[in-house]
Amino acid sequence: MEKINLTPEQIKTLQLFSYYVQSHGAGEITIDLSLQDCNVEYDYVPDFGYGDNTRIDLYDSIKELIEELSSLPDLYFDATCEDYGSLLWNIDCKERKVKVTLYENSLSSNEITNSLTFDDIPNNLLEHLEDFINTLPNNEINEYTIYFNGGGDSGYIDDFLNETNTPISNHVSDILYELLNNTLAGWEINEGSQGKFILHLDEEVIDLYVEENISELMSLGTVLYFEF
């Protein structure tokens, strides 16, 4: 945890701000700063904070102080600084204490599976699937893999079978997209997901494996504390 010695001017700024916050009927205020790669995002401190469920506007001198202290490099000693995060300022205006907590984005994944038998495919689409299967090379391959990937509000299913590089018809893609959307609605939103379809010809089944990406902010603890 970073230890600092405030200048007389910084102390005065915080004291005046504490009176300002209390004049709005709040005893403390919380200010949330967005981080990107351990930097205040776009050199930006928000225009307001929240105290006792009250939105309180920030003025220039307190914003400049917060940005200055949020730029201390030792605050991010335990962070990976490879993605986005958050720096949460809590200013207790009655006790005149400041606590700053660092949050960092953490990525994990969750596997989801589903299956679709050929019998469950509507007849009009099943005909197209069978026509497509009949175009495949006459070999001993009975399983074909098709990959997909999505994120940032866009996604796609590969246009070719992995094993033979055979183009997939639009009707077959429709079957796959419906299975994917029914399994994980929003599979392409935010952090998105990736995975594969396995087409089992002998068993007349399509197996779906989805790896859903999950993002959450994890606290790295208090990185700055001082009194004024």
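Colleague: Let's start with one residue: is Lys63 buried or exposed?

Modeller: Lys63 counts as buried, because its relative accessibility is 17% and the cut-off for buried is under 20%. Keep in mind that this is a predicted model.

Colleague: Since it's predicted, how do I read the confidence, and what is the mean pLDDT of the protein?

Modeller: The idea is that pLDDT gives the predictor's confidence in each residue, from 0 to 100. Here the mean is 94, and 98% of the residues reach 70 or more.

Colleague: And where is confidence lowest, and where is it highest?

Modeller: Strand β2, residues 39–40, has the lowest confidence, with a mean of 82. At the other end of the scale is strand β9, residues 193–200, where confidence is highest, at 98.

Colleague: Back to Lys63, then. Which residue does Lys63 form a salt bridge with?

Modeller: General idea before the case: side chains of opposite charge can pair when their charged atoms come close. In this model, Lys63 forms a salt bridge with Asp47, and their closest N and O atoms are 2.6 Å apart. This pair links distant parts of the chain: Lys63 sits in helix α2 (residues 60–70), Asp47 sits in the loop between β2 and β3 (48–51), and the two are 16 residues apart. As for cover, Asp47 counts as partly exposed, because its relative accessibility is 38%.

Colleague: How many salt bridges does the count come to?

Modeller: The count comes to two salt bridges. Besides the Lys63 pair with Asp47, there is one between Arg55 and Asp57, with the closest N and O atoms 3.8 Å apart. That still passes, because the cut-off for a salt bridge is within 4 Å. Arg55 is partly exposed at 47% relative accessibility, and Asp57 is partly exposed as well, with a relative accessible area of 43%.

Colleague: What about charges that gather on the surface? Which residues make up the patch of negative charge?

Modeller: For a patch, you look for like charges on residues with over 30% relative accessible area and no salt bridge. In this structure the negative patch on the surface gathers Asp119, Asp120, Glu127, Glu130, Asp131, Glu143, Glu163, Asp202, Glu203 and Glu204.

Colleague: Where does the largest share of the negative patch come from?

Modeller: From helix α3, residues 123–134, which gives three residues. Take Asp131 as an example: this residue is found in helix α3, and it counts as partly exposed because its relative accessibility is 47%.

Colleague: Now the backbone. What is phi of Asp37 near?

Modeller: Phi is a backbone angle, and what to watch here is its sign. Phi of Asp37 is near 55 degrees, a positive value in a residue other than glycine. Cys38 has a positive phi too, near 65 degrees, and Cys38 is again a residue other than glycine.

Colleague: Where do Asp37 and Cys38 lie?

Modeller: Asp37 lies in the loop between β1 and β2, and Cys38 is found in the loop between β1 (28–36) and β2. Look at their accessibility, though: Asp37 counts as partly exposed at 35%, whereas Cys38 is buried, with a relative accessible area of 13%.

Colleague: Last topic: separation in sequence and in space. How many residues apart are Gly152 and Gly192 along the chain?

Modeller: You read two numbers for each pair, one along the chain and one through space. Gly152 and Gly192 are 40 residues apart along the chain, and their C-alpha atoms are separated by 6.7 Å. Gly152 is in the loop between β7 (143–151) and β8 (154–157), and at 55% relative accessibility it counts as exposed.

Colleague: And what do the two numbers look like for Cys38 and Asn134?

Modeller: Cys38 and Asn134 are 96 residues apart in sequence and 55 Å apart in space, C-alpha to C-alpha. For another pair, Val223 and Gly49 are 174 residues apart along the chain, with 19 Å between their C-alpha atoms. Val223 has its place in strand β10, residues 205–227, and counts as buried at 8% relative accessibility.

Colleague: Can we finish with Asn39: where is it found?

Modeller: Asn39 is found in strand β2 and counts as partly exposed, at 48% relative accessibility. Asn39 and Tyr76 are 37 residues apart along the chain, and 9.3 Å separates their C-alpha atoms.

Conventions:
Residues are numbered from 1 along each chain as its sequence is written. This is a predicted model: local features need pLDDT of at least 70, side-chain atom pairs count only at pLDDT 80 or more; totals for chains, interfaces and linings use all residues. Side-chain values use heavy atoms; hydrogens and water are left out. Patches are made of residues with over 30% relative accessible area and no salt bridge: like charges are joined within 9 Å, nonpolar side chains (Val, Leu, Ile, Met, Phe, Trp, Tyr) within 5 Å. Accessible areas come from the Shrake-Rupley method with a 1.4 Å probe; for residues, only the protein chains shown count as cover. A salt bridge is a side-chain nitrogen of Lys or Arg within 4 Å of a carboxyl oxygen of Asp or Glu. Lys and Arg count as positive and Asp and Glu as negative; His and the chain ends are not counted. The place of a charge is taken as NZ of Lys, CZ of Arg, CG of Asp or CD of Glu. Helices (H or I, at least four residues) and strands (E, at least two) are DSSP runs, numbered from the N terminus. Buried means under 20% relative accessible area, exposed over 50%, partly exposed in between (1.4 Å probe, protein chains only).
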